[in-house]
Amino acid sequence: MLKVSGEALAGESGFGIDPAVVQTIAREVAEASLSGVQVSVVVGGGNFFRGAQHEGKGLDRASADYMGMLATVMNAINLQAAVESNGVPTRVMTAFAMSEVAEPYIRRRAIRHLEKGRVVIFGAGTGNPFFTTDTGAALRAAEINAQCVLKATKVDGVFDRDPVKCPDAKLYESLTYETVQRLGLGVMDLTAITLCQENDIPVVVFNLAEEGNIARALRGDKVGTCVSSDVEKYARNESPDAAKGSKSKPR
Ligand code: UDP
């Protein structure tokens with residue numbers, strides 16, 4: 001399960017979609033899929049609309065969040081077209097019905113698509129206001145029995161301080177869920193981290209900007225920071241799949 005934020009899709013401009021960024025992501029996703037990895041993607045919508053930022057400005061939070069969820073669908077459709085231009089079939093599945101543009105999310109159907117080698121892109125987050133697409137990624141990962149959540153970010157992983165403001169910030173190689181919660185490290189929101197913890201799904205935080213990183217992460221190679229229940233296994237240079245124990249093909 002790859003989580004790509006909307007902000008990442010915007011590239012340098014910080015708003016809208018940078019086609020070059022989308023194409024790079026799509027190429028690496030397609031490469032991993034063609035090599036036999038079952039790949040699903042959750043896309044954010046922050047490059048267009050974040051509900052919490054608009055609350056109170058003539059909009060109630062729930063309405064603003066529905067707009068945010070619609071934004072994720074725009075990103076999902078763009079990513080779908082880009083992955084398919086790299087020769088890999090895809091399906092967009094949305095958490096609420098908009099059947100003219102995407103399939104409604106049906107768990108068993110999503111798993112079947114993955115088994116058939118299709119990349120499944122989940123749009124509209126969880127379908128509920130007051131949540132985030134990180135939580136959407138954790139939820140779908142648990143539902144489809146994904147081996148790992150790969151969170152693509154703008155930095156190399158999880159640091160003890162903000163690496164943009166503090167150049168000497170230390171990068172963690174591996175962390176437990178408890179440490180992330182206790183130190184309030186900005187990996188994902190706490191709902192998402194807790195969901196991953198409860199379902200024992202490792203979360204790998206890595207830099208999207210470094211070429212080849214998405215493909216590496218999807219192959220299970222060691223990149224960025226791994227958050228799991230078993231820090232030692234990852235430190236021994238085993239992939240997050242190994243940290244969890246192999247249940248099925250990577251998704
Ligand atoms: N959102 C929501 N419920 C969800 C997922 C997303 O209400 O399950 C809304 C929320 O307003 C959020 C916006 O969609 O701000 C975009 O998602 P997110 O902020 O997670 O995107 P990202 O930060 O990954 O770009």
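In the predicted model, the largest nonpolar core comprises 35 residues, of which L2, I25, V29, V41, L79 and F206 touch the most other members. Helix 2, spanning residues 19–34, supplies the largest share of this core, with seven residues. A second core of 30 residues lies apart from it and includes M1, A141, I201 and V205.

The surroundings of L2 were examined beyond its neighbours within four places in sequence. On that basis, L2 is in contact with V29, V41 and F206, each of which is also among the core members that touch the most others. The remaining contacts of L2 are formed with S40, V42, L150, A152 and I214.

The strands are arranged in an open sheet of nine, with mixed pairing and the order 4-3-5-2-1-6-8-9-7. The edges are occupied by strand 4 (103–104) and strand 7 (174–176); each has a single partner strand, and therefore one side of each is left without a neighbour in the sheet. Within the sheet, strand 2 (residues 40–43) pairs with strand 5 (residues 119–123) in the parallel sense, over three bridges. In this pairing, V41 stands opposite I121 of strand 5. V41 thus appears both in the sheet and among the members of the largest nonpolar core with the most contacts to other members.

According to an unreviewed UniProt entry, residues 2–207 carry the feature "domain: Aspartate/glutamate/uridylate kinase". This span is 41% helix and 16% strand, and its end C-alpha atoms lie 12 Å apart.

How values were computed:
Residues numbered from 1 in each chain as written. Predicted model: local features only at pLDDT ≥ 70, side-chain atom pairs only at ≥ 80, totals over all residues. Heavy atoms only, no water. Core = buried A, V, L, I, M, F, W, Y, C linked by side-chain atoms within 4.5 Å. Buried < 20%, exposed > 50% of the residue type's maximum accessible area, 1.4 Å probe, protein only. Helix = DSSP H or I, 4+ residues; strand = E, 2+ residues; numbered from the N terminus. Contact = heavy atoms within 4.5 Å. UniProt positions renumbered as here; feature names shortened; annotations may be inferred. Pairing = 2+ DSSP bridges.
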